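The exercises below are to be worked with the sequence and the model side by side. Each task is followed by a solution in steps.

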Amino acid sequence: MSKEEFGKVVGERFADQVFINSESVRTGWFDIIQAHLANFKYISSLIDFEYFSLIASNELFIRKGLYDKIKFFDCGLGGVKFYGADSTKRGAKLANKDKALLSILEDLGGDTIYWSQIEGTYYKKSIFQQMVKIIEKRFYYEEIDELYEREEIYFPTVLRNLSKTQPINISEGGVYTFVPWGRATLTTHLSEVKSFLAEPSCCYYSVKRVGRTLNDFVRMYIRQHCSYYRELTHYVKGVEHMDEVKLFNAEKQYQFRQTLLRKWKVFSYYFTHSSEMIKIFKEKFGK
């Protein structure tokens, strides 16, 4: 779809549910925090709402009922980590040298930097409003020198330091998005989605990573499971439908091919860079 076609569909079918920010900001790898700030200010100028939530473009909702999970909390974070000055992670090192972030901490009277998974985090409107004002007082994305996961650090850092001076009910394990950390591709499998849907008390309402292609296996499964694939055909060409058994088999075959491809890439790299690898092994074992 072109941008114009997408806007037309939204206006006709989802006018009261989907709002497209007319302000475009620079976005890219490790360069997204300004989009979250701009979107919050944009939607705040249009409608009233209770929660503001952060999701990824390769994330997909798989079930309803999320509000009943989050309504008992002011906000939810996930996998929170402390990023001290001695941390070895690249993001932690850059965060501890980030002048804007250090100035924000000084304004808050704090000295602790935190990290949290961004996908599936949520905040009460009034709390995020405070956070935006605090961040924008010191942070100007046009002046960024180095790129790192600011959105995963700025938001939890401001929130956790704010909570030291005012009562905020934080759900520490509150993210509702499943991300298979530790997996090479971070891709969610059909078997996982099916098991989440089969468990009524499951804490996951969306999954990542899901390919952005129209006929990604998980996208096909969810739109068939939720019976909206026929409606989608009215707006988009090339929507495929596949029997569940065939769909699961197709995914297994694809994963097998991808595994072989990754192994071949590793093998071919070692083969074509053999002299470099021999040098590395000699240096390693020589010591």
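**Exercise 1. The second largest pocket**

Which helices each supply at least two residues of the lining of the second largest pocket? Describe the pocket by volume, lining and residue class.

Solution. The model is a predicted one.

Step 1. Helix 9 (217-225) and helix 11 (244-272) each give at least two residues to the lining of the second largest pocket.

Step 2. Helix 11 provides the largest share of that lining, with six residues.

Step 3. The volume of the second largest pocket is about 420 Å³. Its lining is made up of 20 residues, and T185, T187, Y254, Q255 and Q258 are the closest to the centre.

Step 4. Sorted by class, the lining of the second largest pocket holds 10 polar, five nonpolar and five charged residues.

**Exercise 2. The chain as a whole**

State how many helices and strands the protein chain has, then give its dimensions, burial and contact range.

Solution.

Step 1. The protein chain contains 12 helices and nine strands.

Step 2. Along the principal axes, the C-alpha atoms of the protein chain fill a box of roughly 65 × 55 × 40 Å.

Step 3. The protein chain has 287 residues, of which 41% count as buried.

Step 4. Take the contacts between residues at least 6 apart in sequence: 73% of them join residues at least 24 apart.

**Exercise 3. Pairing around strand 6**

Find the residues of strand 1 and strand 3 that have Y122 of strand 6 as bridge partner.

Solution.

Step 1. Strand 1 (residues 51-54) and strand 6 (residues 121-124) run antiparallel and are joined by four bridges. Within this pairing, S53 has Y122 as its bridge partner.

Step 2. Strand 3 (residues 75-76) also pairs with strand 6 in the antiparallel sense, over two bridges. Here G76 has Y122 as its bridge partner.

Step 3. Put together, Y122 is the bridge partner of S53 and of G76.

**Exercise 4. An open sheet**

In what order do the three strands of the open sheet stand, and which of them are at the edges?

Solution.

Step 1. The order is 2-9-8, and the pairing is mixed.

Step 2. Strand 2 (60-61) and strand 8 (177-178) are the edge strands; each has a single partner strand, so one side of each has no neighbour in the sheet.

Step 3. Strand 2 and strand 9 (residues 206-207) run antiparallel, with two bridges between them. Across this pairing, L60 stands opposite V207 of strand 9.

**Exercise 5. The nonpolar cores**

How many residues does the largest nonpolar core have, and which elements give two or more residues to it?

Solution.

Step 1. The largest nonpolar core has 40 residues, and Y123, F128, M131, F139, Y154, F155 and L159 have the most contacts inside it.

Step 2. Two or more residues of this core come from each of helix 2 (33-46), strand 1, helix 4 (90-95), helix 5 (99-108), helix 6 (125-138) and helix 7 (150-162).

Step 3. Another core, of 17 residues, lies apart from the largest one and includes L60, L190, V218 and Y221.

Step 4. Return to Y154 in the largest core. Leaving out residues up to four places away in sequence, Y154 touches I33, D98, A100, L101, I104, I135, F139 and Y148.

**Exercise 6. Three residues compared**

For H36, I127 and R138, decide whether each is buried or partly exposed, and list the contacts beyond four places in sequence.

Solution.

Step 1. H36 lies in helix 2. Its relative accessible area is 12%, so H36 counts as buried. H36 touches F52, L54, I55, E151 and F155.

Step 2. I127 belongs to helix 6. With a relative accessibility of 6%, I127 is buried. I127 is in contact with D74, L159 and I168. The C-alpha atoms of I127 and F52 are 9.5 Å apart, although 75 residues separate the two along the chain.

Step 3. R138 is also part of helix 6. Its relative accessibility is 36%, so R138 counts as partly exposed. The contacts of R138 are A100, S103, I104 and D107. Between R138 and D107, 31 residues apart along the chain, the C-alpha separation is 9.4 Å.

Notes. Residues numbered from 1 in each chain as written. Predicted model: local features only at pLDDT ≥ 70, side-chain atom pairs only at ≥ 80, totals over all residues. Heavy atoms only, no water. Pairing = 2+ DSSP bridges. Core = buried A, V, L, I, M, F, W, Y, C linked by side-chain atoms within 4.5 Å. Buried < 20%, exposed > 50% of the residue type's maximum accessible area, 1.4 Å probe, protein only. Contact = heavy atoms within 4.5 Å. 1 Å grid on protein atoms, 1.4 Å probe; cavity = no way out; pocket = protein on both sides within 12 Å on 5 of 7 lines; lining within 4 Å. Points joined across faces, edges and corners; volume = space filled by probe spheres on them. Nonpolar A, V, L, I, M, F, W, Y, C, P; charged D, E, K, R; others polar.
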